[in-house]
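Welcome! Let us take a walk through this structure together, one site after another.

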Amino acid sequence: QQTAQSRLRLINELRGALAGNQFTVHYQPIMELATGSIHKAEALARWQHPVLGMVSPARFIPLAEETGMIAEIGDWVFKESARQLERWRESHNAGFQISVNVSPVQFNNSDCMCKSWLIHLQELGLPGQSLCIEITEGLLLNDESSITDKLIGFRDAGIQVAIDDFGTGYSALSYLKKFDIDYLKIDQSFVRDLVTDPDDMALSEAIIVMAHKLGLKVIAEGVETEEQRKLLTVAGCDYAQGYLFSRPMPADEFEKMLKASRG
Ligand code: C2E
Ligand code: CA
Ligand code: CA
């Protein structure tokens, strides 16, 4: 009963969180392994609760999805990221790209964000390629043509698409052929034991080989050690993201890191 109550309270508080300016976006660099350069980052939502402190997205995103509030929160994360993106493309690298997580619920929504996001990018003078959306395999297994049409609309505008947590879903690989996907993100669960578990190494290598044969790039998630970085580099992985390089951080810190990395 206590759990149910605290859940209800959190839902209620979530409703006021946007208006109360309690959300921020943190950015985690995505490193190009061959060059060590950073021209991509993932945007991750953060909820600074006035009493509970930082509430993990793993806790509040599912609540936001259940209640439909994800549409509003997702829009806000996108707009905030686009605002930073415009700055960083000007000050750091004209090719900079930000990845935004998009929940399947945002696609199912009748007033899908697809059109309004494209208009917003245009207004900021940002090309489609400056944005990547991270979706999960489940979305592509959905046969509803409305969803695939929306996705194709994004693609036509040049927006890139990454499959998040790759390898943990249904593994109906035919969708990789059907949709024009740009990146596979190897799930953290494979990267974690890369050094000690030969099966995880084999799976990661297989994902990389398959992706490259299909013309896709690979991003490894949750890279925490130098050994993992080395193994992934040798296996030909294109990008890596994880605590080894940096935790997700607020925009101002991220900007300092970009400046420093330029030397
Ligand atoms: P995700 O998209 O798979 O994001 C990666 C998660 O791994 C992030 O957790 C990140 O902080 C964490 N991480 C990064 N590097 C490492 C590492 O080296 N080791 C470990 N152990 N973890 C690492 P976070 O920020 O807590 O987000 C959790 C999930 O919440 C995300 O998983 C994503 O599914 C969801 N999420 C976050 N922000 C948004 C958002 O704006 N919209 C939607 N729809 N979902 C979001
Ligand atoms: Ca993600
Ligand atoms: Ca992931």
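Before we start, one term is worth having at hand: a donor is an N, O or S atom within 2.8 Å of a metal, with the limit set at 3.2 Å for Na, K and Ca, and water is not among the atoms, so sites may look incomplete. Please also keep in mind that this is a predicted model.

With that in mind, look for the two calcium ions, ligand 2 and ligand 3. They are 4.2 Å apart, and aspartate 164 coordinates both. Aspartate 164 is therefore a good place to begin, since its side chain counts among the donors of each ion.

Take the calcium ion that is ligand 2. Its coordinating residues are Glu42 (OE), Asn101 (OD1), Glu134 (OE) and Asp164 (OD), at 2.1 to 2.3 Å. Along the chain, these donor residues follow the spacing E-x58-N-x32-E-x29-D. Glutamate 42 belongs to strand 2 and glutamate 134 to strand 5 (residues 131-136), so this pair ties together parts that are 92 residues apart in sequence.

Now move over to the other calcium ion, ligand 3. Here the protein donors are Asp164 (OD), Asp165 (OD), Glu221 (OE) and Glu221 (OE), lying 2.2 to 2.6 Å from the ion. Their spacing in the sequence reads D-D-x55-E. Aspartate 164 lies in strand 6, whereas glutamate 221 lies in the loop between strand 8 (217-220) and helix 11 (226-234), so the pair ties together parts that are 57 residues apart in sequence.

Where does ligand 1 sit? You will find ligand 1 in the largest pocket. The elements that give two or more residues to its shell are strand 2 (38-49), helix 2 (57-67), helix 3 (70-91) and strand 6 (160-166). Strand 2 gives the most, with four residues. By character, the shell divides into nine nonpolar, six polar and six charged residues.

Let us look at individual neighbours next. Of the 21 residues around ligand 1, Arg46, Asp164, Gln188, Glu224 and Tyr243 come nearest. Here aspartate 164 turns up again: an N or O atom in its side chain is 3.0 Å from an oxygen atom of ligand 1. In the side chain of glutamine 188, an N or O atom is 2.6 Å from an oxygen atom of ligand 1. The backbone takes part as well, with an N or O atom of alanine 45 lying 3.1 Å from a nitrogen atom of ligand 1. The protein covers 80% of the 810 Å² of accessible area that ligand 1 has on its own.

Technical notes. Residues numbered from 1 in each chain as written. Chains lettered and ligands numbered in written order. Predicted model: local features only at pLDDT ≥ 70, side-chain atom pairs only at ≥ 80, totals over all residues. Heavy atoms only, no water. Near = heavy atom within 4 Å. Polar contact = N/O pair within 3.5 Å; in protein donor to acceptor, adjacent residues only side chain to side chain. Areas by Shrake-Rupley, 256 points an atom, 1.4 Å probe, with all protein chains shown as cover. 1 Å grid on protein atoms, 1.4 Å probe; cavity = no way out; pocket = protein on both sides within 12 Å on 5 of 7 lines; lining within 4 Å. Sits in = over half its atoms within 2 Å of the grid points. Nonpolar A, V, L, I, M, F, W, Y, C, P; charged D, E, K, R; others polar.
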